[in-house]
Amino acid sequence: MSSLPARTGRYRQRYKDHLRLVSGCIPYRLGKNFNCCYNNPEKKLLVLMISSPDRDDLVFPKGGWENDETIDEAARREALEEAGVRGILSENPLGVWEFRSKSKQNSSSLEGGCRGYMFALNVTEELDSWPEQASHDRKWLTTEEAFKFCRYDWMRDALRRFLNTLSEESSLKMAGESKETPVIRPVADAGEVRQISSPGYFGNPSGVQHLENSCCNCEVQG
């Protein structure tokens, strides 16, 4: 069992507009030839989901964003505690979703409302043991399988946004690699050569949403 303790309790929990702030991620890994299939990423892509006790469906790692950490630190911590993975987190969240916690789904009060920020996590390390291993099994799935196992509609929406973002990033990379290769031209009067190239530009894909501009209100449990 991992010697790293999992955080418990909510005394550091962040709230805004009566909503509990939650951070999580979609852990993924790519096959070696993913860029050759950038227009059909499901063929070379696996995502990691985790189980919960006494449930048949699966979820992505997520949990409370606490007041002594940044939102991306919270996402990395939850991935480590619940799924036992580390990796490279996307710079911006895939989006923001509002939902109700599973224990308050039938309540008409404001209590139990959550605002969740989801990131993509390119997994680089998978631990043999992790803090919440006794509560969460993990399973690598194709995206087609993941859609079927997702517990909530908002998670399926996050997965769709993830796939769109990944496809756009791959398209940008392929476009950059197809730019004109450097050409060596002689300089007649100096006997020297100069290199002429057409550098590509790789910016943030438009599919990645910023915190303030990407809220999807889904009244489902969390």
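A residue is called buried when its relative accessible area is under 20%, exposed when that value is over 50%, and partly exposed in between. This tour applies those terms to a predicted model.

**First stop: Glu69 and Arg77.** Select these two residues and display their side chains. Glu69 and Arg77 form a salt bridge whose closest N and O atoms are 2.7 Å apart. Both partners, Glu69 and Arg77, are buried. Now add Glu78 and Glu81 to the selection: together with Glu69 and Arg77, they belong to a network of salt bridges.

**Second stop: Asp57 and Arg151.** Next, select Asp57 and Arg151. Their side chains meet in a salt bridge, with an N to O distance of 3.1 Å. The two residues come from distant parts of the chain, 94 residues apart. Asp57 lies in the loop between strand 3 (45–51) and strand 4 (58–59), while Arg151 occupies the loop between helix 2 (143–149) and helix 3 (153–177). Asp57 and Arg151 are both buried.

**Third stop: Arg86 and Glu125.** Move to strand 6 (residues 85–89), which holds Arg86, and to strand 8 (residues 113–126), which holds Glu125. A salt bridge joins the side chains of Arg86 and Glu125 at 3.3 Å, N to O. Because Arg86 lies in one strand and Glu125 in the other, the pair ties together parts that are 39 residues apart in sequence. Are these partners buried or exposed? Arg86 has a relative accessible area of 34%, so this residue is partly exposed. Glu125, at 35% relative accessibility, likewise counts as partly exposed. The salt bridges visited so far belong to a wider set, for a search of the whole structure finds 13.

**Fourth stop: the nonpolar core.** Hide the charged side chains and select Ile26, Val47, Phe60 and Phe162. These residues have the most contacts inside the largest nonpolar core, which has 44 residues. Centre the view on Ile26 and display its surroundings. Which residues does Ile26 touch, not counting those up to four places away in sequence? Ile26 touches Val47, Phe60 and Phe162, as well as Leu94, Met118, Phe119, Ala120, Leu121, Ala158 and Leu159.

**Last stop: Cys114 and Cys150.** Finally, select these two cysteines. Cys114 has a relative accessible area of 4%, which is under 20%, so Cys114 is buried. Cys150 also counts as buried, because its relative accessibility is 5% and the cut-off is 20%. A disulfide is a covalent bond between the sulfur atoms of two cysteines. How many disulfides does the structure hold? The structure holds zero disulfides.

Methods. Residues numbered from 1 in each chain as written. Predicted model: local features only at pLDDT ≥ 70, side-chain atom pairs only at ≥ 80, totals over all residues. Heavy atoms only, no water. Core = buried A, V, L, I, M, F, W, Y, C linked by side-chain atoms within 4.5 Å. Buried < 20%, exposed > 50% of the residue type's maximum accessible area, 1.4 Å probe, protein only. Contact = heavy atoms within 4.5 Å. Disulfide = S-S within 2.5 Å. Salt bridge = Lys/Arg side-chain N within 4 Å of Asp/Glu carboxyl O. Helix = DSSP H or I, 4+ residues; strand = E, 2+ residues; numbered from the N terminus.
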